[in-house]
Amino acid sequence: MNEATAELRARVRVWDLPTRLFHWALVLAVLGSVLSAKLGGNAMVWHMRLGYAVLTLVAFRMLWGLVGGHWSRLHHLIYSPAAIWRYVRGRPLPGEHFDIGHNPLGGLSVLAMLAWLLVQVGSGLIADDEISFTGPLIRFVTSEQSLAWTAYHKHLGQWGLLALVALHVLVVLFYRFGKDRDLLGPMFSGDKQLPAHVPASRDSLATRVFALTLLGACGAAVYLLVSLG
């Protein structure tokens with residue numbers, strides 16, 4: 001990289017603080033939910049609470065994807081089939097930057113993870129293991145439906161989620177050691193070294209307060225939802 005090119009690059013805020021906190025909070029909530037399910041018994045109380053936390057976080061992320069920072073918007077996760085094919089072949093069009101936020105395959109994985117988590121938590125809300133756990137919304141479904149979704153929650157839903165998490169971790173490691181690209185660091189700092197003309201995500205005190213308010217509203221909505229049972 002020559003000096004003229006270096007002058008055109010700068011630290012650009014890609015991931016705003018609400019997005020970063022969401023990411024790590026979701027990691028902890030999912031990990032805690034899996035561990036509490038494996039422990040069973042009294043830990044199932046925490047499994048349920050962490051499930052509510054996951055639902056709150058996913059709801060927040062979907063809304064933040066409409067009003068949050070530039071690179072956190074959901075439309076930056078969705079690429080056309082042609083764009084995905086160009087990315088896979090390594091032939092982007094001029095001005096097409098796949099390495100700023102989520103690349104096309106990364107965007108698909110994020111959407112898949114959010115959708116899978118919604119179904120997994122939703123199935124938990126109507127599940128009944130007939131031992132120590134009964135979902136709060138079980139009265140809205142038949143016994144047969146509850147048993148079917150319980151089986152999904154404990155088998156396909158659980159293992160599918162673990163597979164998506166494992167894939168996510170492997171991709172991060174592949175980019176770090178195979179392509180020498182650090183995907184983890186920017187999720188802590190929020191910044192990347194990018195061409196100076198790349199638009200930065202808004203990350204002011206006002207947007208952070210708004211995000212906190214939005215998170216509180218999502219938490220209240222989840223509380224009202226589970227109270228229906």
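Hi everyone, let's start with a helix pair: in this predicted model, helix 3, residues 44–67, packs against helix 5, residues 104–125, at an angle of about 140°, and their axes are 10 Å apart. Angles over 145 degrees would count as roughly antiparallel, so helix 3 and helix 5 are oblique to each other. Their crossing is left-handed.

Who makes the contact? On helix 3 we have Gly51, Tyr52, Val54, Leu55, Val58, Arg61 and Met62, and on helix 5 Leu114, Leu117, Leu118, Val121 and Leu125. By class, that contact has ten nonpolar residues, one polar and one charged.

Now, on to the pockets. The largest pocket holds about 1,600 Å³ of space. Its lining has 50 residues, and if you want to find the centre on your screen, look for His23, His102, His168, Val172 and Leu183, which lie nearest to the centre. Which element gives the most to that lining? That would be helix 7, with eleven residues. As for chemistry, the lining of the largest pocket has 31 nonpolar, eleven polar and eight charged residues.

The second largest pocket has about 580 Å³ of space. There, 30 residues form the lining, with Ala37, Met44, His47, Gln120 and His153 closest to the centre. Our helix pair comes back here: helix 3 and helix 5 are among the helices that each supply at least two residues of this lining, along with helix 2, helix 6 (143–154) and helix 7. Helix 3 gives the most, with six residues. The lining of this second largest pocket divides into 15 nonpolar, eleven polar and four charged residues.

Thanks for listening, everyone!

How values were computed
Residues numbered from 1 in each chain as written. Predicted model: local features only at pLDDT ≥ 70, side-chain atom pairs only at ≥ 80, totals over all residues. Heavy atoms only, no water. Axes fitted to C-alpha atoms, helices over the stretch in contact; angles between N-to-C directions. Helix = DSSP H or I, 4+ residues; strand = E, 2+ residues; numbered from the N terminus. Parallel < 35°, antiparallel > 145°, perpendicular 65-115°, else oblique. Left-handed = near helix turned anticlockwise from the far one by under 90°. Contact = heavy atoms within 4.5 Å. Nonpolar A, V, L, I, M, F, W, Y, C, P; charged D, E, K, R; others polar. 1 Å grid on protein atoms, 1.4 Å probe; cavity = no way out; pocket = protein on both sides within 12 Å on 5 of 7 lines; lining within 4 Å. Points joined across faces, edges and corners; volume = space filled by probe spheres on them.
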